[in-house]
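Below is a short note on the model, set out as numbered points. Please read it alongside the sequence and the coordinates.

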Amino acid sequence: MILNIVAAVLIGFGTLCCVISIIGIYRFDYVLTRIHAAAIVDTLGTLCIFLGVILLKGFGWGSVKILLILAFQWITGPVSTHRISRV
C-alpha cells in the first residue's frame, strides 16, 4: 500500500518535471536556455518515472532492464544535448 503511494508520487513528480520542461521549451527565447529546459527531462524526469515503475512492478529481471535503460539514458542524454548545443 505505502509502496504504491510512493511509486505514484515518484511518477507524478517525474511527469510534473516533464510538463515544466515543455513549458520552459516554449517560453524561453534563447536557444541554449531551451536546451537546458529540455535536458531536465533526461535526468530528473526519467529517474523519477523509472523508479516509480520499478516500485510498481516489483524487483526482478524487469527492474534490472529498466535500470539498464535508465543508465543508458543518463549516459547518452547529456552527451547528445551537449552535442546538439555545440552545433
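1. The expected span of a helix is 1.5 Å times one less than its number of residues. In this predicted model, helix H3 has 26 residues, so a span of 38 Å is expected. The C-alpha atoms at the two ends of H3 are 38 Å apart, which agrees with that value.

2. On the overall fold, the protein chain contains three helices and zero strands. The order along the sequence is α-α-α. The C-alpha trace spans about 45 × 25 × 10 Å along its principal axes.

3. On burial and surface, the protein chain has 87 residues, and 23% of these count as buried. Its accessible surface is about 6300 Å². Carbon and sulfur atoms account for 76% of that surface.

4. On contact range, consider the contacts in the protein chain between residues at least 6 apart in sequence. Of these, 69% join residues at least 24 apart.

5. Helix H1 covers residues 2-27, and alanine 7 is one of the residues that lie in H1. Is alanine 7 buried or exposed? Its relative accessibility is 0%, so alanine 7 counts as buried. Setting aside residues up to four places away in sequence, alanine 7 touches Gly52, Leu55 and Leu56. Alanine 7 is also 42 residues from isoleucine 49 in sequence, while their C-alpha atoms are 8.4 Å apart in space. Helix H2 runs over 31-57.

6. Isoleucine 2 also has its place in helix H1. With a relative accessible area of 63%, isoleucine 2 is exposed, whereas alanine 7 is buried. Which residues make the nonpolar surface patch of about 550 Å²? Isoleucine 2 contributes to this patch together with Met1, Ile5, Val6 and Val9.

7. Helix H3 takes in residues 61-86. Buried residues in H3 are Ser63, Ile66, Leu70, Gly77 and Thr81. What do the buried residues of H3 pack against? They pack against helix H2.

8. Serine 63, found in H3, has a relative accessible area of 6%. Buried means under 20% relative accessible area, so serine 63 is buried at its 6%. Apart from neighbours within four places in sequence, serine 63 is in contact with Ile54 and Gly58. Ile54 falls within the 31-57 range of helix H2.

9. How many disulfides does the structure hold? The count is zero. Cysteine 18 is in no disulfide, and the nearest cysteine sulfur to its own, that of cysteine 17, is 6.9 Å away. A disulfide is a covalent bond between the sulfur atoms of two cysteines. The cut-off used for such a pair is 2.5 Å between the sulfur atoms.

10. Why is cysteine 48 not bonded to cysteine 17? The closest cysteine sulfur to that of cysteine 48 is in cysteine 17, and the separation of 5.7 Å is too far for a bond.

11. The accessibility of two of these cysteines can also be stated. Cysteine 18 has a relative accessibility of 18% and therefore counts as buried. Cysteine 48 counts as buried too, with a relative accessibility of 7%.

Notes:
Residues are numbered from 1 along each chain as its sequence is written. This is a predicted model: local features need pLDDT of at least 70, side-chain atom pairs count only at pLDDT 80 or more; totals for chains, interfaces and linings use all residues. Side-chain values use heavy atoms; hydrogens and water are left out. Buried means under 20% relative accessible area, exposed over 50%, partly exposed in between (1.4 Å probe, protein chains only). Patches are made of residues with over 30% relative accessible area and no salt bridge: like charges are joined within 9 Å, nonpolar side chains (Val, Leu, Ile, Met, Phe, Trp, Tyr) within 5 Å. Accessible areas come from the Shrake-Rupley method with a 1.4 Å probe; for residues, only the protein chains shown count as cover. A salt bridge is a side-chain nitrogen of Lys or Arg within 4 Å of a carboxyl oxygen of Asp or Glu. Helices (H or I, at least four residues) and strands (E, at least two) are DSSP runs, numbered from the N terminus. Contact means heavy atoms within 4.5 Å.
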